[in-house]
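Below is a short note on the model, set out as numbered points for a colleague who will want to check each one against the coordinates.

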Amino acid sequence: MDLGARDPAPYEDALFAIGAVSVTLEDAADDPVLEPAPGATPLWPTVLLKALFDQGTDPAAIASAIERTLPGLPVPRFEIVADQAWERVWLRDFHPMRFGQRLWVCPGGQAAGARDAVRIELDPGLAFGTGTHPTTALCLEWLDAQPLAGREVVDYGCGSGILAIAAAKLGADRVDAVDIDPQALIATRENAVRNAVVDRLNISSARRLEPGCADVLVANILAGPLVELAPAFAAAVRPQGLLALSGLLAEQADAVTAAYRPCFDIDTTMTRDGWVLLGGRRLAD
């Protein structure tokens, strides 16, 4: 049902009250929300509401209940969803992917497409980061091209842990995987165990980085936080250390570059589908 600009909360409550198993809100008019403020849960200007009911529920009874409790809404459209092994459905579209020359991300125990591959085993989950988003792909390709053997790396905003795991697999001695989302920390630890690199990861919610803690720092977050974190990242990266920043659109690159230029030789290094990765090297103090 298209709610337009109505507040969806009472409609969610009413649908659950008449037996909905789940209720989903979607963008009704292709209006992306790219950078919400911390703690905010923004919605789109127009919202599409979908509800899932148990198999065997009478659509006519649902329609009647909606008409009584949710006056003024369009007539709902019903669709029967065939039961499937949903935990395996994603495998149809998620196959081993290569990033750069060596890195492969492989779901569900699938093999990489090269004998000398650096293989990461990862399935889609609750935390962001499987390599399918352009910014994650950019960061993976950038990491693949860096000399990481024996280095100390920070993955700030680690999500699923994919970048931290990639750094460890590429030879980093130690990787600090940092995120403020508890689910991301759980996912990172589980994925690190699965990939046998948990002993080289320090997984933490600490927002403060120790000065001079990193030879390499990668942050795939958002433009606003990247600008705010410029002084902290400059303090954390050792002289001549490497920096990669992504999660920003092409039109945001100049503002982020300006924030880092006092301490880094930095510029747009890679682009994909309108997204940008800024690569840089720490200047001597």
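1. In what order do the seven strands of the open sheet follow one another, and what is the sense of the pairing? In this predicted model, the order is S9-S8-S7-S10-S11-S13-S12, and the pairing is mixed. Strand S9 (201-204) and strand S12 (264-272) are the edge strands, each of them pairing on one side only. From one strand to the next, the twist averages 15°.

2. Within this sheet, strand S11 (residues 237-249) and strand S13 (residues 275-282) run antiparallel and are joined by six bridges. A convenient place to inspect this pairing is Leu245, which stands opposite Leu278 in S13.

3. Two helices should be viewed together with the sheet. Helix H4 (residues 134-144) packs on the sheet and touches strand S10 (214-220), S11, S12 and S13, with a direction that makes about 125° with that of S12. Helix H9, for its part, lies across S11, S12 and S13 and runs at about 160° to S11.

4. The aromatic side chains deserve a separate look. A pair of aromatic rings is described by the distance of the centres and the angle of the planes. The search of the whole structure finds three aromatic pairs, and one of them is the tilted pair of Phe233 and Tyr260, with 6.4 Å centre to centre and 40° between the planes. This pair links distant parts of the chain, since Phe233 belongs to helix H8 (residues 230-236) and Tyr260 to helix H9 (residues 253-260), 27 residues apart. Phe233 counts as buried because its relative accessibility is 0%, and Tyr260, with a relative accessible area of 1%, is buried as well.

5. Tyr260 also forms a tilted aromatic pair with Phe264, at 5.9 Å centre to centre and with 55° between the planes, and both Tyr260 and Phe264 are buried. Taken together, ring pairs link Tyr156, Phe233, Tyr260 and Phe264 into a cluster. A charged side chain is placed at one of these rings: Arg282 lies over the face of Phe264, at 5.7 Å from the ring centre.

6. Strands S4, S5 and S6 form a further set of pairings. Strand S4 (residues 97-99) and S5 pair in the antiparallel sense over three bridges, and the bridge partner of Arg98 in S5 is Trp104. The hairpin of S4 and S5 has three residues between the strands, and in this hairpin Gly100 takes a positive phi near 75°. With strand S6 (residues 118-121), by contrast, S5 pairs in the parallel sense over four bridges, and there the bridge partner of Trp104 is Arg119.

7. Which residues of strand S5 point one way, and which the other? In a regular strand the side chains alternate between the two faces of the sheet. In strand S5 (residues 103-106), Leu103 and Val105 point one way while Trp104 and Cys106 point the other way, and all of them are buried.

8. Side chains of opposite charge can pair when their charged atoms come close. How many salt bridges does a search of the whole structure find? The search finds eight, among them the one between Arg102 and Asp144, whose closest N and O atoms are 3.2 Å apart. Here too distant parts of the chain are linked, with Arg102 in the loop between S4 and S5 and Asp144 in helix H4, 42 residues apart. Arg102 is partly exposed, its relative accessible area being 31%, whereas Asp144 counts as buried because its relative accessibility is 6%.

9. Helix H4 takes part in another salt bridge, in which Arg272 pairs with Glu141 and the closest N and O atoms are 2.8 Å apart. The two residues come from distant parts of the chain, Arg272 from strand S12 and Glu141 from helix H4, 131 residues apart. At 29% relative accessibility, Arg272 counts as partly exposed.

10. Two further items complete the charged side chains discussed here. Arg208 forms a salt bridge with Glu210, the closest N and O atoms being 3.3 Å apart, and Arg208 counts as exposed because its relative accessibility is 61%. Finally, Arg119, named above as the bridge partner of Trp104 in S6, is linked with Glu121 and Arg194 in a network of salt bridges.

Conventions
Residues numbered from 1 in each chain as written. Predicted model: local features only at pLDDT ≥ 70, side-chain atom pairs only at ≥ 80, totals over all residues. Heavy atoms only, no water. Phe/Tyr/Trp six-rings, centres within 6.5 Å; stacked < 30°, edge-to-face > 60°. Buried < 20%, exposed > 50% of the residue type's maximum accessible area, 1.4 Å probe, protein only. Lys NZ or Arg CZ within 6 Å of the ring centre and 35° of its normal. Pairing = 2+ DSSP bridges. Axes fitted to C-alpha atoms, helices over the stretch in contact; angles between N-to-C directions. Contact = heavy atoms within 4.5 Å. Salt bridge = Lys/Arg side-chain N within 4 Å of Asp/Glu carboxyl O.
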